[in-house]
Amino acid sequence: MLVEVVQARHALAAEAHLVSESRYAMGFGSQWRDLLDDTSQKLKDQGFRSVKLAPGGHEVPVVNDSLVYVWRVANNPNAVREFAASPTRKNGFMVAPLDPTLWEPSLSGEPEPAQNAAEGELVPVLRAVDDDMPLVLVMVESTPRQLQSIDWAIAVLNGDGKVDLRGQECIWKPEFVAADAASDVESFDSGVPVAPVVELQKQDRTPTDG
């Protein structure tokens, strides 16, 4: 579902960039807020709840007692480490779990009865040691020409305000047809080279008067 949301938003942002004929990608990069809104709305339709992060008021969905923050990574090698440089994003690491409900939403579309973790067999894998909800960072790398990859990981805020990732995993990347085509081509260090066919052309010579 997250992949579909990101793909749909990328297509709209890429088309808008193309229509604008802009030489710069600043407008394309502003899709980060739409990504948050699109994800929150999609999960709301499935019955999931969300929280608003102060002071920016960004609405972030909650799934399985975890915040799911979809974010387009800036073209900066330190972008992920500096994720919490924004006061609003930093507050995403300090959100208490929501009050339990009788029925838990499900991505299958049918709500499931809430299970007591003390009595049941299922234990929230992503539960942090403290009372704050974990933050699942969904990282989107893209340009106006191409959606490059979608990764997710548990984002952890260090004492120095920097962010580290745990359990990073790629959940989508494009399939290149060229890679499949290249597998059918013999390598240069094997096989016998085919000699080029050279055909001599007959030239007509006109005798000259001597």
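In this predicted model, Arg-9 counts as buried, its relative accessibility being 16%, and that label follows because buried means under 20% relative accessible area. The side chain of Arg-9 nevertheless has a charged partner, for it meets the side chain of Asp-38 in a salt bridge with an N to O distance of 2.8 Å. This pair links distant parts of the chain, since Arg-9 belongs to helix H1 (residues 2-20) and Asp-38 to helix H3 (residues 32-45), 29 residues apart. Asp-38, for its part, is partly exposed, with a relative accessible area of 24%. Arg-9 and Asp-38 also belong to a network of salt bridges that takes in Asp-34.

The count of salt bridges in the model comes to five, and the table sets out some of them.

| Salt bridge | Closest N and O distance |
|---|---|
| Arg-9 and Asp-38 | 2.8 Å |
| Lys-44 and Glu-59 | 2.6 Å |
| Glu-82 and Lys-162 | 2.4 Å |

Helix H3 appears again in the salt bridge between Lys-44 and Glu-59, a pair that likewise links distant parts of the chain, with Lys-44 in helix H3 and Glu-59 in strand S2 (residues 58-63), 15 residues apart. Lys-44 is partly exposed, at a relative accessible area of 39%.

The salt bridge between Glu-82 and Lys-162 joins two loops: Glu-82 lies between strand S3 (66-72) and helix H4 (87-90), while Lys-162 lies between strand S7 (146-157) and strand S8 (163-172), so the pair ties together parts that are 80 residues apart in sequence. Both residues are partly exposed, Glu-82 at 34% relative accessibility and Lys-162 with a relative accessible area of 24%.

Conventions. Residues are numbered from 1 along each chain as its sequence is written. This is a predicted model: local features need pLDDT of at least 70, side-chain atom pairs count only at pLDDT 80 or more; totals for chains, interfaces and linings use all residues. Side-chain values use heavy atoms; hydrogens and water are left out. A salt bridge is a side-chain nitrogen of Lys or Arg within 4 Å of a carboxyl oxygen of Asp or Glu. Helices (H or I, at least four residues) and strands (E, at least two) are DSSP runs, numbered from the N terminus. Buried means under 20% relative accessible area, exposed over 50%, partly exposed in between (1.4 Å probe, protein chains only).
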